[in-house]
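Colleague: I am new to this structure, and I would like to know how each term applied to it is justified. Could you take me through it?

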Amino acid sequence: MSTLSRITLAVLISSTLPARAGLPILPPMPAIPSALPIDSVPMGDSKTATEVKLGIPITPGPFQPSWESIEKNYPGTPAWLREAKFGIWVHFGPQAAGKSGDWYARKMYNPGTPAYKNHLKDYGHPSQTGYKEVLRDWNPVQLDPAKLTAIYKDAGARFLIVQGVHHDNFDLWDSRYQPWNSVRMGPKRDLVGEWAKAAKEAGIRYGVAFHHEYSWWWWQTAFGGDSQGERAGIAYDGQLTLADGVGKWWQGLDPRLLYNIDLREYQGVSKAAYSPWSPPPDGLFSRHQDFAKWYATRWALRMMDVVDRYDPDFIYTDGTGPQPFSGDHTGTGFKADATQTVIADFYNHALKTRGKVDTFSIIKFRPNTNGTVNTEEGTIPRDIKTDQAWIAETPVGDWYYQPGFTYDSGAVIRYLLEEVARDGNAAICVSPLPDGSLDEGSTRMLQEIGNWLRLNGQAIYGSKAWVRLGEDENSGKNAGEGESKSNKLRTLPGRSLGKKQADFVFGPHDFRFTKGKDGSLYAFSMAVPAAGTEIRIRSLGIAENLLGKPVKSVSLLGHQGAPLQWKQQADGLVITAPSAMPYATAVAFKID
């Protein structure tokens, strides 16, 4: 038997061995049709296609892999999420090595991008030294999940979102179904396991995030090559096969398990691959449905593997559509019950191990359904949003590190206020350096946020939205008949938190409201009032009667001096600021 035959046989055997009793066997990757010319095949129609039932065995219990069963049996989002309000998004993995911000692994195969230029400088040409070599060499020696968790908890975070696998398809745990993982190469550490241990020992909730659903179209740049220059026409390493690895450091590792397969024959796939973020057009990869079923099965089993090993408090699936594998938006390519299978297994697992379902599943932007939580990435809703539990998520700077970020605690605090006043939670990504440490700016910022939350946390943790979101100098003046007075609020700019948000100026008329766990109303002045000045809150006037009763007391959180002077008038509650206002950012008035 030849060396290649022995390698192939070993890979096939390892992929068909049972991972352990209770987790299903993953069959070998099916045969892949020969590639057709780029953009020559229309996407198949997903709207009329029947949803494929994967038939993956799940943990026994009342939850079955259907939305009807999940919605019927789910007891409701656990109370701890409303209590938590503030979390840290641990968005960290080997793409940090590129020091190029988000999506480095894809952009390093796109000539002209900063990621491509940085890769040339640090690693070499991607036809010779590709992302697989980044994985081999990445070693975040300063990454200490226990130390970082303590820092995040001190900053006031009540939960962590831990990255399990990003679009790069590299698993950050001792994965049973993905040999390209952090235990086998790179740091040779079970990073998800380390974060899980740190969170549990610190008494902080944590979830694991999975972004590998659309890595099959996200990775299409790796199948291209330079169109000009001395290496024009030479394919990048996405084109490599198992046979090409003989005698190399990656011998026995199939590149297809990392980069997936060439799908550029479908119309729109190649164009989307070089866009800033767009998925291909909706539809099915109709000539590759056998591969698609295998791919979706492996996607699900990897998530089930994490649930089985680490028992997280929640799981997270990335996307822009109503669910992964819907054939719509980021579900492009295949239509199957993969998501329902994972969620049903997760909730049955919680019943088996915890005796109750106090867990939840985040599906990005899914419409209101019992059993799921959605997110708002980088956005601030226009109004109060109470139709389902939700988490706002955004990075400081970007989702992976690059030089030049603006670290401003005021921007983070005001972003938190914008979301909490709308009845949401906020998860902030503070990107570690490539070695896993935090730089001076992010460390200082987190300390300042923690100080602020220790002072104002009673108005944040466990709070709810009030009847009105907030007000500014125009509130009520320009609202049309039947129009919400909150619609015209001056609002912090959305997207990543940076200089634009840090420099955004709120004035003395800008307020956000929360109803505290203690029953008090809290009015946050988004700008620190000048000492001795009068503050007028129109929403608390006698004429509006939004409180339903007269104001009895007003105090300022953190103020230790004489009681505040205040008066409730027909057109507003007027408060005189103390003679000393030693506050760096938004302040909270407690109103009973």
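**How the terms are earned**

Modeller: A closed barrel of 8 strands runs in the order β1-β2-β3-β4-β5-β6-β7-β8, with parallel pairing, and the twist from one strand to the next averages 25°. This is a predicted model, in which local features need pLDDT of at least 70 and side-chain atom pairs count only at pLDDT 80 or more, while totals for chains, interfaces and linings use all residues. Residues are numbered from 1 along each chain as its sequence is written, and side-chain values use heavy atoms, with hydrogens and water left out.

Colleague: How do you know that strand β2 and strand β3 pair?

Modeller: Two strands pair if DSSP finds at least two bridges between them, and 6 bridges join β2 (residues 159-165) to β3 (residues 205-210), which run parallel, so the condition is met. One of the partnerships sets Val165 against Phe210 in β3. The strands themselves are DSSP runs (E, at least two residues), as helices are (H or I, at least four), and both are numbered from the N terminus.

Colleague: What lies across β3, β4, β5 and β6?

Modeller: Helix α13 lies across β3, β4 (314-317), β5 (360-363) and β6 (372-377), running at about 160° to β5. Such angles run from 0 to 180 degrees between N-to-C directions, and the axes are lines fitted to C-alpha atoms, for helices over the stretch in contact.

Colleague: Why is helix α12 called roughly parallel to α13?

Modeller: Helix α12 (residues 289-310) and helix α13 (residues 338-354) pack at an angle of about 15°, with their axes 9 Å apart. That angle makes α12 roughly parallel to α13, because angles under 35 degrees count as roughly parallel, over 145 as roughly antiparallel, 65 to 115 as roughly perpendicular and the rest as oblique. The contact, meaning heavy atoms within 4.5 Å, involves residues including Trp299, Met303 and Val307 in α12 and Val342, Phe346 and His349 in α13. The residues of this contact divide into 9 nonpolar, 2 polar and 2 charged, where Ala, Val, Leu, Ile, Met, Phe, Trp, Tyr, Cys and Pro count as nonpolar, Asp, Glu, Lys and Arg as charged, and the others, Gly among them, as polar.

Colleague: What makes α14 oblique to α15?

Modeller: Helix α14 (residues 409-420) and helix α15 (residues 440-456) pack at an angle of about 45°, with their axes 9 Å apart. That value belongs to none of the named ranges, and α14 is therefore oblique to α15. The crossing of α14 and α15 is right-handed, a name given when the near helix is turned clockwise from the far one by less than a right angle, anticlockwise being left-handed. Among the residues in contact are Val412, Ile413 and Leu416 of α14 and Ile449, Trp452 and Leu453 of α15. By class, the contact has 8 nonpolar, 1 polar and 1 charged residues.

Colleague: Why is strand β10 described as largely enclosed by the rest of the structure?

Modeller: Of the 5 residues of β10 (residues 511-515), 4 are buried, so the strand is largely enclosed by the rest of the structure. Buried means under 20% relative accessible area, exposed over 50%, and partly exposed in between, with a 1.4 Å probe and protein chains only. Strand β9 (residues 470-471) is joined to β10 by 2 bridges in the antiparallel sense, with Gly470 opposite Arg512. Strand β11 (residues 521-525) is joined to β10 by 5 bridges, also antiparallel, and the two form a hairpin with 5 residues between them, where Gly519 in the turn has a positive phi of about 90°.

Colleague: Why is Lys99 called partly exposed and Arg495 exposed?

Modeller: Lys99 has a relative accessible area of 36%, which falls between the two cut-offs, so Lys99 is partly exposed. Arg495, at 55%, is over the upper cut-off and therefore exposed. Lys99 sits in the loop between β1 (86-90) and α4 (104-107) and has a positive phi near 50°, while Arg495 lies in the loop between β9 and α16 (499-503) and has a positive phi of about 75° although it is not a glycine.

Colleague: Which strands are the edges of the open sheet β12-β15-β14?

Modeller: The edge strands are β12 (534-537) and β14 (565-569), since each pairs on one side only. The pairing in this sheet of 3 strands is antiparallel, and β14 and β15 (residues 572-576) pair over 5 bridges.
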